[in-house]
Amino acid sequence: MNVEPCEMIKKRYDEAKDKKKFCGQAMAKCVPQKDGYYRHHWSYNRDHLIDVIYVQKELHISFHSCMYYDIREKLYRASWLNSYYQDKIDQIIKHGTLLDTKIKHIRFLVEVRRFYREKGWIKL
Ligand SMILES: [Zn+2]
């Protein structure tokens with residue numbers, strides 16, 4: 001979903017100390033909810049502050065268990081530290097890879113879902 005934040009929101013973003021928190025609040029106000037989905041931020045940078053991806057609620061925790069937040073970049077990195085199969089999946093997307101575009105982030109989520117499905121951990 002691409003919603004362009006207004007200049008007022010961008011200005012308030014610049015002033016906010018906790019960018020992640022601010023983006024969460026702005027998104028809650030600006031981006032409509034959908035039943036059964038979470039609005040997932042792929043980036044907490046100024047240009048993406050309300051640019052979110054709708055993800056199924058059942059998958060959201062699985063996704064977050066496979067990435068960690070890089071506070072300096074305000075983006076996520078792939079993480080297989082919690083995975084028993086990290087060697088196998090690391091061949092697809094290396095641990096620590098910065099998910100710095102929306103496409104890269106979505107591709108990563110697709111891979112995580114495929115992997116979890118293969119393992120029978122999820123049915124979606
Ligand atoms: Zn999320």
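## A hairpin and the core beside Ala78

Let's start with a pair of strands: β3 and β4 run antiparallel to each other, joined over 4 bridges. Keep in mind that this is a predicted model. Across the pairing, Met67 sits opposite Ala78, which belongs to β4.

Here are the elements that come up along the way:

| Element | Residues |
|---|---|
| β3 | 67–70 |
| β4 | 75–78 |
| α5 | 102–119 |

Now for the turn. The hairpin has 4 residues between its strands, and Lys74 lies in that loop between β3 and β4. What is the phi of Lys74 like? Lys74 isn't a glycine, yet its phi is positive, at about 60 degrees. As for its surroundings, Lys74 has 17 other C-beta atoms within 10 Å, so it counts as partly exposed; a buried residue would need 20 or more.

Back to the Met67 and Ala78 pair, since both turn up again in the largest nonpolar core. That core has 15 residues, and Met67 and Ala78 are among those with the most contacts inside it, along with Phe63, Cys66, Leu99, Phe108 and Val112. β4 and α5 each supply at least two residues of this core. Which element gives the most? That's α5, with 4 residues.

Ala78 itself touches quite a list of residues further off in sequence, including Cys66, Met67, Leu99 and Phe108. Its contacts also take in Ile93, Lys94, His95, Gly96 and Thr97.

Apart from the largest core lies another one, of 5 residues. Cys23, Tyr44, Leu49 and Val52 are among its members.

Technical notes
Residues numbered from 1 in each chain as written. Predicted model: local features only at pLDDT ≥ 70, side-chain atom pairs only at ≥ 80, totals over all residues. Buried ≥ 20, exposed ≤ 12 C-beta atoms within 10 Å, placed from the backbone. Pairing = 2+ DSSP bridges. Core = buried A, V, L, I, M, F, W, Y, C linked by C-beta atoms within 7 Å. Contact = placed C-beta atoms within 7 Å. Lists of a residue's contacts leave out its neighbours within four places in sequence.
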